[in-house]
Number of protein chains: 2
Amino acid sequence: MTSSDRPDKKAVPPGDMRQSGSERRPYIRDTEENRRESLVAAVQALVAEGGRQAATVRAIAARAGVTPGLIRHYFGSKEDLLRAAYVALMDGMTNKGEEALDSVGAGPAERLAAFVAAALRPPVLDPKAVGLWAGYLHQVQSDPGLLAQHESSYLHYRDRLQQLIADLDRPVADGQLRQEAIACNAVLDGLWLEGSVLPGHFAENEVIQIGLRSVGAILGITLAAFTAPAGRQHRPGEK
Amino acid sequence: MTSSDRPDKKAVPPGDMRQSGSERRPYIRDTEENRRESLVAAVQALVAEGGRQAATVRAIAARAGVTPGLIRHYFGSKEDLLRAAYVALMDGMTNKGEEALDSVGAGPAERLAAFVAAALRPPVLDPKAVGLWAGYLHQVQSDPGLLAQHESSYLHYRDRLQQLIADLDRPVADGQLRQEAIACNAVLDGLWLEGSVLPGHFAENEVIQIGLRSVGAILGITLAAFTAPAGRQHRPGEK
DNA sequence: CCGGGAATTACACGATCGGATAATTGCCTA
DNA sequence: TAGGCAATTATCCGATCGTGTAATTCCCGG
C-alpha cells in the first residue's frame, strides 16, 4: 500500500532518487556489524510503529538504506532477522534498569526507587516500546527459542528487583521475597502498559509517583517521592 | 502463462474436502446476526493465536465455515470486520468483572476481592486473551476510533474498580481514590500480563493470592485470601 | 594502480493477499 | 407449489509478499 517502496520492475522510479537513465544505484561498503545493526534498528522501528505486518523486507531495506537482498545476505531469512531484532530488544530493555543504578547513591531504598522510576519514564515507558513488545508477542508464544529468551530476560529482571528488595533492612518471612518481587514487577508492568498506551491521562511524573507509592505499600516501607532528576541519567549511546 | 491455469482456486484439493466433480459447495442461509458473530469469533480466534497477520480473509472465512466473499458482504471490508471484532472484545472483557460481582455477597471487601480474583483467572487470564489484545495494539494506537473505544472501556473498568474501593469504609484524602484505582488496576494488568505470557511460572492460585495481597497493601486493608470458589461462578452463555 | 573477490544491487518467480464481479442457490412468500 | 430475490459461492484480478539467482561495483592487498 505504501507507494514509497520501489516496485519490482524498474517501471518508473518515482523520479526523486534516481533521475535519468536506469543507472545502478551506487553504494558504499560497510562493516558487517554496522549493516546488521542498521537492519535490526530498522526492524524495531517498523514493528514498533506498525506491528509485524509493517516489517516487510522491502520496508526494512528502505528504512536501513539498502536493498532487500542484503537481508538475506546477512541474515538467513527475514525470520532470522526478526529473531535477532527481538534478542537485541530484550537485552536493551534489561540493561536500562542496570544503567539507572549506576548514577545513584548506595542507600537501598534510594536504589530501589531509582530502579522503579527508571522503568516508568522514557525511553522505557514509551508507546513505541509497547508497540514493539506487542508486535513480538505472538512470535514469543510460538517460537520456543524466543520463549526461552523471554523467560530468561524476565527472570533476570525480576531477580534484580528481588535483590534490591532483599537489600532493604526488613524482617522477611520465608518465600516472601519472591511474591513481593512478582507483585512489584506487576505494578511496574501495569503502569508501563497504561502509561504507554494512554499517555495524556496522567500528569507529569504521576505514573512514577504512583509506582513508588505502590511498591512502597507492597513492601511496607516509604519510598522517596522524589520527582524527575531532570537529565542526570542521560548516558552516551542512548537515544 | 505462468503454468498456473488455476490462480486462486485449489488446483489440487488435498483430497479431503471436495472429492470429484467441481460441484458448487452447498450452504444454508443464516441470519445476519449469526453470520456476523461467526466472523467476529473467527477473527478473534485467529488474531489471538497468530496475530493480525494470521487473520487473512481466507483464513477467517475458513474458520467461520463460509467463503471469503461473505466478509465483504456483511462488513464493508476486512478492516471493518477487524474493527467490529475489537469492539466486541472490549465489551466482553469489561463485562466479565460485572458478572463476577453478581454471585457474591454484599460486603465491600468481599466484592472487591471477587472483582480482583475474576481478573486473574480464566477466561480473563489466558494466553489467548493477551495475544488478542496485543494483536490489536497497533490498530488501537493508529485508529482514532478504536483509540476512543479503548479509552472508554479502560476508564469504565477503572471507574468500576474505583467505586469498589470507595465503598470500603476507610478515611480517604482528596484525590486519593483515583491514584489508588490506577495503582490497583496496574497490579491487575501486570499480573494478567505475566500470568498469561508465562504460565507455569506460578503455582495454582498464586497469581490471585499475590493480587489480593498487593491490592490490600495498596489500600491499607486485608483482603480475604480465599482460594478458588471452584465452579460457582460459571454462567450460562460463557465459553 | 590494478586485478580479484566479497559486498551489494538488480531482476525474476511463485505464492498469496484483499477486493471486485458474475453466477448460482437456498429459502421466504404469495 | 412456483417465482423471485437476497444470501452465498465461484472466479478473476492487480498488488505485494518473501526469496532465489545473476549481474555489477566497490575496495583492499599486492
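A phosphate oxygen of DNA strand D is 2.9 Å from a polar backbone atom of B:D30, which is a polar contact in the sense used here, namely a pair of N or O atoms within 3.5 Å, where within protein one atom must be able to donate a hydrogen and the other to accept it, and residues adjacent in sequence count only if both atoms are side-chain atoms. The structure is a predicted model, in which local features need pLDDT of at least 70 and side-chain atom pairs count only at pLDDT 80 or more, while totals for chains, interfaces and linings use all residues. Residues are numbered from 1 along each chain as its sequence is written, chains are lettered from A and ligands numbered from 1 in the order in which they are written, and side-chain values use heavy atoms, with hydrogens and water left out.

**DNA strand D**

In the surroundings of DNA strand D there are 30 residues, with A:R72, A:K78, B:R29, B:R35 and B:Y74 the closest; a residue counts as near a molecule or strand if one of its heavy atoms lies within 4 Å of it. Sugar or phosphate holds 66% of the strand D atoms that lie within 4 Å of the protein, and the rest belong to bases. Two elements, α2 (57-64) of chain A and α3 (69-74) of chain B, each give at least two residues to the surface near DNA strand D, and α3(B) makes the largest share of that surface with 4 residues. Helices in this account are DSSP runs (H or I, at least four residues), as strands are (E, at least two), and both are numbered from the N terminus. Sorted by class, the surface near DNA strand D holds 11 nonpolar, 5 polar and 14 charged residues, where Ala, Val, Leu, Ile, Met, Phe, Trp, Tyr, Cys and Pro count as nonpolar, Asp, Glu, Lys and Arg as charged, and the others, Gly among them, as polar.

**DNA strand C**

DNA strand C is surrounded by 27 residues, and the closest are A:R24, A:R29, A:Y74, B:R29 and B:R72. Of the strand C atoms that come within 4 Å of the protein, sugar and phosphate account for 64%. Here α3 (69-74) of chain A and α2 (57-64) of chain B each supply at least two residues of the nearby surface, and the largest share, 4 residues, comes from α3(A). The classes on the surface near DNA strand C are 9 nonpolar, 5 polar and 13 charged residues.

Further atom pairs between protein and DNA are set out below.

| Protein atom | DNA atom | Distance |
|---|---|---|
| A:T67, polar side-chain atom | strand C, phosphate oxygen | 2.5 Å |
| B:Y27, polar side-chain atom | strand C, base oxygen | 2.8 Å |
| B:V57, backbone N or O atom | strand C, phosphate oxygen | 2.7 Å |
| B:R25, polar backbone atom | strand D, phosphate oxygen | 2.7 Å |
| B:T67, polar side-chain atom | strand D, phosphate oxygen | 2.5 Å |

**The interface of chain A and chain B**

The size of an interface is often given as the accessible area lost when the parts come together. Chain A and chain B bury about 3,700 Å² between them, with 64% of it on carbon and sulfur atoms, buried area being the accessible area (1.4 Å probe) that two parts lose on being put together, summed over both. Of the area that chain A buries against chain B, A:H138, A:Q179 and A:E194 supply 16%, more than any other three residues. The contact draws on 45 residues from chain A and 45 residues from chain B, with contact taken as heavy atoms within 4.5 Å.

Between the two chains the count is 2 salt bridges, each defined as a side-chain nitrogen of Lys or Arg within 4 Å of a carboxyl oxygen of Asp or Glu. A salt bridge joins the side chains of A:R178 and B:E206 at 2.8 Å, N to O. Across the interface, 19 residue pairs are in polar contact, both at pLDDT 80 or more. On the side of chain A that touches chain B, the elements giving two or more residues are α1 (32-50), α6 (127-142), α7 (144-167), α8 (176-197) and α9 (206-219) of chain A, and α8(A) contributes the largest share, 13 residues. That side of chain A has 23 nonpolar, 13 polar and 9 charged residues.

**Within the chains**

Chain A has 9 helices and 0 strands, and buried residues make up 43% of its 239 residues. In chain B, B:S153 lies in helix α7 (residues 144-167) and counts as buried because its relative accessibility is 8%, the cut-offs being under 20% relative accessible area for buried, over 50% for exposed and in between for partly exposed (1.4 Å probe, protein chains only). Leaving aside neighbours within four places in sequence, B:S153 is in contact with B:M90 and B:T94.
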